[in-house]
Amino acid sequence: MMRLGLQLYTLREALANDLDGTLASIAGMGVAHVELAGTYGFPASEFRGRLDAHGLTTCGSHVSLPDLVDRLDSVVQEAQVLGVSTLVLPWIGEEAYQNGWDALGRSLTAIGHRLHAQGLAFAYHNHAFELAPANGETGLERLFATADPAVVKAELDLGWIQHAGQDPADWVRSLAGRVPLVHLKDFAAGTDPIDVPPGEGTVDWDSVLDACNESGVEFGIVEMDHPPGDAIASVRTSVAFFRNRGLI
């Protein structure tokens, strides 16, 4: 059964204003696993101590492409201190794939091999732009076809896949065994990507969760880029939604 986590970026403002109080709120929801996106100015060792104090463990960490390219040794050291086992590239600019998605796949493979040698897994997180069709294939298809599946995994953002007009359950199944993490995101119907609590948007969660469990996904991670209303209340609603569907 897939386990439930939270991407801390969702609560970035609350964490910046009250780190311990916000971590306590997360733990109070019964969430035990968090995905990192920075340490809010704290050294890695101190941030790890704060997580430990609230009984929270990491299920991944988002790291920028420049950091992976220019300061990979430091990134590895920080990950080891934080107890992170999977590093995720969360976003790229157009310059990263201007020479084609195959070239990007090869460059990410090189990064993946370096991380693998240090005992770390590596994954790529999508948005919608990678799913634009070109010559009969999407950029995301070319990326995963070219990158070495042994060292470049997928963190599929299910909401962005749905927003791009594709079926997130099909994507999960197409990469079965290569998707350790998914983002449990939902958007309201319409052309603009407006975050809503899961179950209030367009994703067919029964179908998607079945696909995740069939395909060996380890963590389903709640994430909202712009939570509606009170961010902590939105997270609490999201967590309850997935608890009711069997995530632990």
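The legends below describe close-up views of a predicted model.

**View 1. The largest pocket holds about 230 Å³ of space.**
Empty space of this kind is a result of a simple test. Rolling a probe the size of a water molecule over the atoms shows where empty space is left. In this model, 18 residues line the largest pocket. Those nearest its centre are Ser61, His62, Val63, Glu78 and Leu82. Two elements give two or more residues to this lining, namely strand S3 (57-62) and helix H5 (72-82). H5 gives the most, with four residues. Sorted by class, the lining of the largest pocket has ten nonpolar, five polar and three charged residues.

**View 2. The second largest pocket holds about 160 Å³ of space.**
Its lining includes three histidines, His62, His125 and His127. Two tryptophans, Trp91 and Trp160, belong to the lining as well, as do Tyr9, Ala37 and Pro90. The remaining residues of the lining are Gln7, Glu223 and Asp225. By class, the lining of the second largest pocket divides into five nonpolar, four polar and two charged residues. His62 can be looked for in both pocket views: His62 is among the residues nearest the centre of the largest pocket, and His62 also lines the second largest pocket.

**View 3. Phe241 and Phe242 form an edge-to-face aromatic pair.**
A pair of aromatic rings is described by the distance of the centres and the angle of the planes. For Phe241 and Phe242 the centres are 5.0 Å apart, and the angle between the planes is 90°. This pair is one of seven aromatic pairs in the structure. Both Phe241 and Phe242 are buried. Phe241 has a further partner in this view: Arg245 lies over the face of Phe241, at 3.7 Å from the ring centre.

**View 4. Other aromatic residues appear in a cluster and under an arginine.**
Tyr97, Trp101 and Phe129 form one aromatic cluster. In a separate close-up, Arg12 lies over the face of Tyr9, at 3.9 Å from the ring centre. Tyr9 is also one of the residues lining the second largest pocket.

**View 5. Gly38 and Tyr40 lie in the loop between strand S2 and helix H3.**
Strand S2 covers residues 33-36 and helix H3 covers residues 44-53. Gly38 has a relative accessibility of 35%, so Gly38 counts as partly exposed. Between the C-alpha atoms of Gly38 and Val84 there is a separation of 12 Å, and these two residues are 46 residues apart along the chain. Tyr40 is likewise partly exposed, because its relative accessibility is 25%. Most residues other than glycine have a negative phi, and most peptide bonds are trans. Tyr40 is not a glycine, yet has a positive phi of about 55°.

**View 6. Asn135 and Thr138 differ in exposure.**
Asn135 is found in the loop between strand S6 (133-134) and S7. Is Asn135 buried or exposed? Asn135 counts as exposed because its relative accessibility is 83%. The phi of Asn135 is near 55°, a positive value in a residue other than glycine. Thr138 belongs to strand S7 (residues 137-138). The relative accessible area of Thr138 is 6%, so Thr138 is buried. Leaving aside its neighbours within four places in sequence, Thr138 is in contact with Glu130, Leu131, Ala132, Pro133, Gln166 and Trp171.

**View 7. Gly55 and Leu56 lie in the loop between H3 and S3.**
Gly55 is partly exposed, because its relative accessibility is 48%. Gly55 and Gly136 are 81 residues apart in sequence, and their C-alpha atoms are 47 Å apart in space. Leu56 has a relative accessible area of 2%, so Leu56 is buried. Which residues does Leu56 touch, not counting residues up to four places away in sequence? Leu56 touches Leu23, Ile26, Ala27, Val31, Ala32, Val34 and Leu51. For one of these, Val31, the C-alpha atom is separated from that of Leu56 by 7.7 Å, with the two residues 25 residues apart along the chain.

Notes:
Residues are numbered from 1 along each chain as its sequence is written. This is a predicted model: local features need pLDDT of at least 70, side-chain atom pairs count only at pLDDT 80 or more; totals for chains, interfaces and linings use all residues. Side-chain values use heavy atoms; hydrogens and water are left out. On a 1 Å grid over the protein atoms alone, a cavity is a set of points where a 1.4 Å probe fits but cannot get out, and a pocket is an open set with protein on both sides within 12 Å along at least five of seven lines; lining residues have an atom within 4 Å of a point. Grid points are joined across faces, edges and corners, and a volume is the space filled by probe spheres set on the points. Ala, Val, Leu, Ile, Met, Phe, Trp, Tyr, Cys and Pro count as nonpolar, Asp, Glu, Lys and Arg as charged, and the others, Gly among them, as polar. Rings of Phe, Tyr and Trp (its six-membered ring) pair if their centres lie within 6.5 Å; planes under 30 degrees apart count as stacked, over 60 as edge-to-face and the rest as tilted. Buried means under 20% relative accessible area, exposed over 50%, partly exposed in between (1.4 Å probe, protein chains only). A charge sits over a ring if NZ of Lys or CZ of Arg is within 6 Å of the ring centre and within 35 degrees of the ring normal. Contact means heavy atoms within 4.5 Å.
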